[in-house]
Amino acid sequence: MNQSKQSPPIRRAGGHQQITMLVLRAILLSLSFVLSALDHSLPSFVPGVPGMSLGLANVVVLFALLFLNWKDAVFITVTKSIFVFFLRGPVSLLLSVSGGLLALFVEILLWKLSRGKVSLMLLSAAGAMSHNVGQIIAYALYARVAVWILIPPLAVMGIVSGVITAIVLKAIYPFMERWFRTHRSYEGEGTQ
Amino acid sequence: MTEQSTNRPVLSNKRDIIILMALLGVFGLWLLWSYVVAPALDEDTELAYAWVYHENTLLEKVALDGEVRVWNLTVPDDPDIEMEISSHADHSISVTASDCPDKVCVHTGKIHMKGQSIACLPNHVIVKIGTEEAPGGLGVDG
Ligand SMILES: [Zn+2]
């Protein structure tokens, strides 16, 4: 009804695109904070290792990797680890950053090596396994203890949670593609 | 833009499912071995012992026989250290209080399996679970 006077058409506004991308990044970052906070408010899921998290925020990082680029994914990983530091202290920061970066490294490697042909399930399962194993190795180095006994349950859990993450991502994929189609400039400013 | 849509990743494919199943198989068997088979094999022959160290000095060796006890750790080299250790009915042991700043040792909770350990780095105290003869773990600590 209220026919807008001069509502800026999306198609022309490069600035508008930048703002929507900024908003998307902000949403992803805060979502990763919320998920990390939730994750770290649960008791450590590995008895005998403090500060272990399930990696709920990995879904956000993987999302950033798929829809934005690896730099955004690294940024979210590191920033949420710093957030975890304020929440839980240095040990959790160490575990969070080691698990997060190892997971991301494995995901980027798989993605690049397969030229984007790797399936979401393998991608996120490999990421989740690396996240868990990265945390436990960091703890082992920090506390100077052997942790072999924890590797099998962590790996199995990683596979299961990775598959769940993949299903979630696949479910939101069409919506996000549509979102990008409407919010990105039509002038083909490039994909980066 | 169009690249984005043509590049839409698939949820799964045959090859990746085979890889995942293989990984699941390997870690599943390892899990079964270390949590079911191996403990069953040495269940009644070997009682677990908790070895408590300060730096490399053995302070205590506690049988995890299910008796409930709470005691304060005495560290001759550093009498200022205040740590309370508890053994529990489920054959586990935990650090229940500590004067360290980070409380990582307390948050570690109860441990009961050979190879597990609790570390209090500020106090240089480590609790390792092993057998009566050896402190267990694969000796990352050296
Ligand atoms: Zn401590």
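**Zinc site**

I began with Cys105(B), which counts as buried at 0% relative accessibility. By buried I mean under 20% relative accessible area, with exposed over 50% and partly exposed in between (1.4 Å probe, protein chains only). This is a predicted model, in which local features need pLDDT of at least 70, side-chain atom pairs count only at pLDDT 80 or more, and totals for chains, interfaces and linings use all residues. Residues are numbered from 1 along each chain as its sequence is written, chains are lettered from A and ligands numbered from 1 in the order in which they are written, and side-chain values use heavy atoms, with hydrogens and water left out.

I looked up Cys100(B) next; at 1% relative accessibility it counts as buried. Which protein atoms are the donors of the zinc ion? They are the SG atoms of Cys100(B), Cys105(B) and Cys120(B), lying 2.2 to 2.3 Å from the ion. Donors here are N, O and S atoms within 2.8 Å of the metal (3.2 Å for Na, K and Ca); water is not among the atoms, so sites may look incomplete. Along the chain I read the donor spacing as C-x4-C-x14-C.

I then checked for disulfides, taken as pairs of cysteine sulfur atoms within 2.5 Å. The structure holds 0 over all chains.

**Cores**

I turned to the nonpolar cores. Each is a set of buried Ala, Val, Leu, Ile, Met, Phe, Trp, Tyr and Cys residues joined through side-chain atoms within 4.5 Å. The largest has 54 residues, and Leu28(A) and Leu66(A) have the most contacts inside it. Chain A gives two or more residues from each of α1 (14-41), α2, α3 (70-88), α4 (90-113), α5 (120-143) and α6, and α2 of chain B does so too. Helices (H or I, at least four residues) and strands (E, at least two) are DSSP runs, numbered from the N terminus. The largest share, 11 residues, comes from α5(A).

I listed what Leu28(A) touches, leaving out residues up to four places away in sequence: Val60(A), Phe63(A), Ala64(A), Leu68(A) and Ile76(A). Contact means heavy atoms within 4.5 Å. A second, separate core has 21 residues, including Val62(B), Trp71(B), Cys105(B) and Val125(B).

**Rings**

How many aromatic pairs does the structure hold? I found 5 over all chains. Rings of Phe, Tyr and Trp (its six-membered ring) pair if their centres lie within 6.5 Å; planes under 30 degrees apart count as stacked, over 60 as edge-to-face and the rest as tilted. Phe67(A) and Tyr173(A) are tilted, 4.6 Å centre to centre with 40° between the planes. The pair links distant parts of the chain, 106 residues apart: Phe67(A) is in helix α2 (residues 58-67) and Tyr173(A) in helix α6 (residues 151-183) of chain A. Both Phe67(A) and Tyr173(A) are buried.

Why is the pair of Phe27(B) and Trp30(B) stacked? Their planes are at 20° and their centres 6.0 Å apart, so the pair counts as stacked. They are 3 residues apart in helix α2 (residues 14-42) of chain B, about one helical turn. Phe27(B) is buried at 14% relative accessible area, whereas Trp30(B) is partly exposed at 31%.

I also noted a cluster in chain A: ring pairs link Phe63(A), Phe67(A) and Tyr173(A).

**Thr57(B)**

My last entry is Thr57(B), in strand β2 (residues 57-63) of chain B. At 38% relative accessibility, Thr57(B) is partly exposed. Leaving aside neighbours within four places in sequence, Thr57(B) is in contact with Val52(B) and Asp77(B).
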